[in-house]
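User: I have a two-chain model open and would like to go through it with you. Could we take it one question at a time?

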Amino acid sequence: MARLAGRRALFAVPVLGIVTFGVFAIAAASPFDPVKAYAGTAGLSASQETLDQLRANLGADEPLVTRWWNWLAAAVRGDLGDSSALRQPVADVIGERVGWSVLLAATAFLVAVLLGGLLGVLAARRPGGWTDRAVSSLAYTLEAAPPFWLGLLVIWLFALKLGLLPAGGLTDTGSTVVTVGQVARHLVLPAAVLALSQLPWFVLYVRQGVGDALQEDPVRGARARGLAERTVLLGHALRSGMLPVLTLIGSRVPELITGALLVETVFSWPGIAAATVEAATAVDFPLLAALTVLATIAVLVGNLLADLLYGLADPRVGFDG
Amino acid sequence: MRARSIRGMGALATATALTAVASACSAPGEGDSAATATSAVVGIAYEPETLSPLLGFGKDGNSKIFDGLLTHDADLELKPALAVALPKVTDGGRTYTYELRRGVKFSDGHPFTAEDVVFTYETILDEKTNNASKGELDAVRSVEAKGDDTVVFRLKYPYAPFAERTVLPIAPEHIAGGQDANTGSFGTKPVGTGPYKLAQWSKGEQLVLEANSGYWGGAPKIKRFTMAIIRDDDVRATRLRSGDLDGAILPPNLAKAFKGSGQKTYAAESFDHRTVTLPTGNRVTGNTAVRRALDIAVDRKAMVDGILEGAGKKAYGPVPTDSEWFTEGTERAYDPKKARKILDAAGWKPGKDGIRVKDGVRASFPLWYVSGDKLRQDHALAYASDAKKIGVEAKVQAGTWEVIEPRMPKDAVLAGGGSPADPDFDQYPLLRSDLAGDGFNNMGWYDNATVDRALEAGRESGDPAERKAAYDTVQRELVKNPGYTFLTHIDHLYVVDDRFGELSTQVEPHDHGLAAGPWWNVEDWRP
């Protein structure tokens, strides 16, 4: 198990190197000008002299490879550089925001996995039954619904029509103290929307996996031995039916990140998503690179986690494969 | 693309929401007015990147957390703030001396002195400081403290509107001086002398201000002022409707839905113009007859009524028609018939497809607008359709500034701008011939010796009558030889809860910062 993790960690080094270089190259090739982006509206009335000065100060006139190498060398020493788009050190930008994004994404993910597993098992119990049909159609409908649309819909229903939950923000608008209760209340809608957007994948995978497992010999054997339906379902079918879902968990991470991006925008959630968009359009290399590294790490860890869980759930797989 | 589709879906959702609410419930948040009369929450569309004046925050004054040496009243007249009086101008307009208010403290209790003023201006002018607006202080040769209470600015040339630049907020040297001006923590944890202190800034979500009880101008009645950052127009309207916000800036079509519902709509007049650049480098747009014809062939009233839904004014130049600097008699009536005559007389004859031709040149030019800006797109399309009626073709195209900028010497652009504080701020960069092609200055490559002379006279003379005469000359020249077709001045619309009473707005510039809108003087609200 440790060997698998270690090997993956070694493998991650070149991957991160290549990915960050790719980000720098793509950003450099984009038509966006970091100086224009930095200056904003002031740039529209700035003289060429001021703009040239900015270009030199921001290091925007250096070649791509130099910029990437300088960034990498500093990053390895723990200095992530300064974000030009947000006028503060990259470490501060990430430190202020990433926690809220992780909270949102983790809550949504947990809900999606648990609820998805539950609904999937319910549906798989009687394939073609009314529960199955209801759950499956719900899953397909949700799969087609874009997260921001769901977001606006729940704001309309829960915040506007019913007045039950706040429509956005991390705390009540106007409040300066972040209390657990307030954050919890404000977390409900965005996390629910994000969870709903991930839900169909888990429902459908679990339904298929458990459904297939129910047809397999061990389950039929267990039933023949007269074990309770509950034990058969949870002890035998769910265990082998969950295996494809574990792989899914790893591969859903990127989707979760892009989904969070839209949800954060709709709900004014102060996470990392808004910063990502800003970094990209402002050609803010240091911030963009750091965020890309974070996202890449999240994906790699997601996959590693899936493989480890796979090994734990099914000892036949082992950790060396 | 995503943003556009969000907007589209949002409009749909909001429309549904609005009809549902109108029929269902009364406006929430009404009952607790006694508890909340000392606080206000407003929705704004833009978030500043930084709160550091050294990087340009609040440079046009009125930054709430900070004070400048001077500030503006409701009519945009200058009045003293950190200075005790307007500056003494000596040395033929080259030296400005400010006496500072005594006993003023920064909100951390540290006294404010002349050194802070010197520090602020010198840091901005330092070439290592990434302040994109530093060009506005080009005239400054030196700034010097004489004792604790006097600051002397020496200018490179006589510059009449200089006092307008000193509304710029003053940063405390004892805090900002020890940090990197570009990335230091002062940008997110500012300390100033202003009526409010920053209580919390949760980026991307909200900015909370708290009354500065020790404010030299008297403690504000509104103890807590929150600006919620909500980029999407529809979401902002929804949260205003749900009672979450007390006020918000809204586009005309969304503001309309709030008529008579416990909220008041304020239309802030502005110097924010929309104009078409007619570059001299293009054989069509550089032709004076074509320029003059286009100038009277555009139906400005139709644009105000149709595109702005009445929230705006017809524009004949950078100066709005109701400004004291406007030159009476330079209004141009909508007259396509006369426009055709001008073109006929100049030898532009209609070709086979209805587009005029002269000496083998087709009266056709590209007209760019920034993609995603609906207001500019509508203006551009209306302009093209009016031009078509007199046989001139404007081919409307969308692009980002990166695409548009290299084409500016030859292609027309639907541009915007406007700064109300002084006529020099707009007109000098817009029309001065030797600024052509300098960044985004003089985008039309306008070149008119009479205008150049008038612009110099306008900025150098300290005599209001002389200045007025100079800007009259500029506006009359723009009638004879328009380098731009000015279309509209647009109003900025705000919807605010009734309980704050009757509020006022200032005349606003092109870009509206945090302190624009009815809350420009929130420290003076007496609900």
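User: Which residues are linked with B:Lys59 in a network of salt bridges?

Analyst: Happy to help, and please keep in mind that this is a predicted model. Side chains of opposite charge can pair when their charged atoms come close. Here such pairing goes beyond a single couple, as B:Lys59 belongs to a network of salt bridges. Its other members are B:Asp60, B:Glu136 and B:Arg165.

User: How many salt bridges are there over all chains, and how many between chain A and chain B?

Analyst: Over all chains, the count comes to 37 salt bridges. Chain A and chain B do have 12 residue pairs in polar contact, both residues of a pair being at pLDDT 80 or more. For salt bridges between chain A and chain B, however, the count is zero.

User: Which residue forms a salt bridge with B:Lys64, and how many residues apart are the two?

Analyst: The partner of B:Lys64 is B:Glu523, with 2.8 Å between the closest N and O atoms. B:Lys64 sits in the loop between β1 (39-44) and β2 (70-72) of chain B, while B:Glu523 lies in the segment after β22 (492-497). Both B:Lys64 and B:Glu523 are buried. Their pairing links distant parts of the chain, 459 residues apart.

User: In the salt bridge of B:Asp434 and B:Arg432, which residue is buried and which is exposed?

Analyst: The two side chains meet with an N to O distance of 2.9 Å. B:Asp434 has 52% relative accessibility, so this residue counts as exposed. B:Arg432 has a relative accessible area of 13%, and because buried means under 20%, the buried residue is B:Arg432.

User: And for the salt bridge of B:Asp386 and B:Lys389, which residue is partly exposed?

Analyst: In this pair, the closest N and O atoms are 3.5 Å apart. B:Asp386 is at 7% relative accessibility and therefore counts as buried. With a relative accessible area of 47%, the partly exposed residue is B:Lys389.

User: Is B:Gly68 buried or exposed, and which residues does it touch?

Analyst: B:Gly68 is found in the loop between β1 and β2 of chain B. Its relative accessible area is 6%, so B:Gly68 is buried. Not counting residues up to four places away in sequence, B:Gly68 touches B:Ala81, B:Leu82, B:Thr166, B:Val167, B:Leu168, B:Pro169 and B:Ile170.

User: Which helix gives the most to the largest nonpolar core?

Analyst: This core has 69 residues, and those with the most contacts inside it include A:Leu194, A:Phe202, B:Leu240 and B:Leu245. The greatest contribution, 15 residues, comes from chain A, in helix α8 (residues 180-215).

User: How many residues are in the second, separate core?

Analyst: Among its members are B:Leu82, B:Ala163, B:Val167 and B:Trp519. B:Leu82 and B:Val167 also appear among the residues that B:Gly68 touches. The number of residues in this second core is 64.

User: What area do chain A and chain B bury between them?

Analyst: The size of an interface is often given as the accessible area lost when the parts come together. The contact takes 52 residues from chain A and 57 residues from chain B. With 58% of it on carbon and sulfur atoms, the buried area is about 4,500 Å².

User: Which element gives the most to the side of chain A that touches chain B?

Analyst: By class, this side has 26 nonpolar, 17 polar and nine charged residues. Elements that each supply at least two of its residues include α2 (34-39), α5 (90-125) and α7 (147-161). With eight residues, the element that gives the most is α7(A).

Terms used. Residues numbered from 1 in each chain as written. Chains lettered and ligands numbered in written order. Predicted model: local features only at pLDDT ≥ 70, side-chain atom pairs only at ≥ 80, totals over all residues. Heavy atoms only, no water. Core = buried A, V, L, I, M, F, W, Y, C linked by side-chain atoms within 4.5 Å. Buried < 20%, exposed > 50% of the residue type's maximum accessible area, 1.4 Å probe, protein only. Helix = DSSP H or I, 4+ residues; strand = E, 2+ residues; numbered from the N terminus. Salt bridge = Lys/Arg side-chain N within 4 Å of Asp/Glu carboxyl O. Contact = heavy atoms within 4.5 Å. Buried area = accessible area lost by both parts, 1.4 Å probe. Polar contact = N/O pair within 3.5 Å; in protein donor to acceptor, adjacent residues only side chain to side chain. Nonpolar A, V, L, I, M, F, W, Y, C, P; charged D, E, K, R; others polar.
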